[in-house]
Each structure stands twice: as structure tokens, then as C-alpha cells.
Amino acid sequence: QVQLVESGGGSVQAGGTLRLSCAASGSIFRINVMAWYRQAPGKQRRAVAHISTSTNYADSVKGRFTISRDNAKNMAYLQMNSLRPEDTAVYYCYAVLQIASGTSPRSYWGQGTQVTVSS
């Protein structure tokens, strides 16, 4: 059983910073991709940042957010600087991983962590 657990969410004022963490645990052979998505009330879940052999960011967060990962610990992080009220959302960790050698990669989601940015 694979689990993704996010932490680090909270409430901050505009201009503030938060660092989200995602811990992947369970039967994991290899993590191919880790990513962060977010979903604001009444809106679709959207990608924020991906990391595999390279990193990609949504235009709305470029220059403010940084995704990183620690392969040895099966962790991913999202450093969020210069936060804006429009960054308010539930942030979800996402991973594509293999549970054993030779198996097909599968997608997994965390339960989400709330980020609230006040003006």
C-alpha cells in the first residue's frame, strides 16, 4: 500500500512564505514523477509544478514557487514565496511510481493540505 502524506499548509498573509512537504511511503521501487496540484473552491484541480528529470511550473507560479525532491527519502517539497490571495487552495501531492521492478507505473494522490493567503 502506497501513501502520500502532505504537510506544511496553513494561513499566511500576502507576501508570505510556506513550504509544503510530501512523504511517500509503502511499497515503492521507483518514483518517476512527483508533482503538486491545487484546487480552489469551485474550480478544477490544476497542476502547479512537476519534477522528474526536469522541473515544470504553471505560469502563475513561475519565479515564486520551487519544487524539489529527496529521492533517498521519497520526499517532495514545494517552497512557496511571495504568496498571493489567488494561491489559496487545497494543495495535493501527486506521484507516478512503480511498486516493484517490472511493474507498470501508477498514479497516487495525497489527501491534500489547505493553503490560505489573506490580503
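Below, a biologist and a modeller talk through strands, a sheet and a disulfide in a predicted model.

Biologist: Start with strand 4. Is it enclosed or open, and why?

Modeller: Strand 4 covers residues 30-39, and 7 of its 10 residues are buried, so the rest of the structure largely encloses it.

Biologist: Which sense does its pairing with strand 9 take, parallel or antiparallel?

Modeller: Antiparallel, with 9 bridges between strand 4 and strand 9, the latter being residues 89-98. To pick out one position, I31 has L97 of strand 9 as its bridge partner.

Biologist: And how many bridges with strand 5?

Modeller: Strand 4 pairs with strand 5, residues 46-51, over 5 bridges, in the antiparallel sense. There, W36 is bridged to A49 of strand 5.

Biologist: What does G42 do in the hairpin of those two strands?

Modeller: G42 takes a positive phi near 75 degrees. The hairpin of strand 4 and strand 5 has 6 residues between the strands.

Biologist: Changing topic. What is the strand order in the open sheet?

Modeller: The order is 1-3-8-7, so four strands if you read it off, with antiparallel pairing.

Biologist: Which strands stand at the edges?

Modeller: Strand 1 (3-7) and strand 7 (65-70). Each has a single partner strand, so one side of each has no neighbour in the sheet.

Biologist: How many degrees are neighbouring strands turned against each other?

Modeller: On average 15 degrees, ignoring direction, for neighbouring strands of this sheet.

Biologist: How many bridges do strand 7 and strand 8 pair over?

Modeller: There are 6 bridges, in the antiparallel sense, and strand 8 is residues 75-80. Across that pairing, F65 stands opposite M80 of strand 8.

Biologist: Now cysteines. Which ones does a disulfide join?

Modeller: C22 and C93, with an S to S distance of 2.0 Å. The count for the model comes to 1 disulfide.

Biologist: Where in the chain do C22 and C93 lie?

Modeller: In distant parts of the chain: C22 is in strand 3 (residues 18-25) and C93 is in strand 9, 71 residues apart.

Biologist: Left-handed or right-handed, and why?

Modeller: Left-handed, because the torsion about the S-S bond of C22 and C93 is about -80 degrees.

Biologist: Is C22 buried or exposed?

Modeller: C22 is at 0% relative accessibility, so C22 counts as buried.

Biologist: And C93, buried or exposed?

Modeller: C93 counts as buried too, because its relative accessibility is 0%. The cut-off for buried is under 20% relative accessible area.

Conventions: Residues are numbered from 1 along each chain as its sequence is written. This is a predicted model: local features need pLDDT of at least 70, side-chain atom pairs count only at pLDDT 80 or more; totals for chains, interfaces and linings use all residues. Side-chain values use heavy atoms; hydrogens and water are left out. Buried means under 20% relative accessible area, exposed over 50%, partly exposed in between (1.4 Å probe, protein chains only). Two strands pair if DSSP finds at least two bridges between them. Axes are lines fitted to C-alpha atoms, for helices over the stretch in contact, and angles run from 0 to 180 degrees between N-to-C directions. A disulfide is a pair of cysteine sulfur atoms within 2.5 Å.
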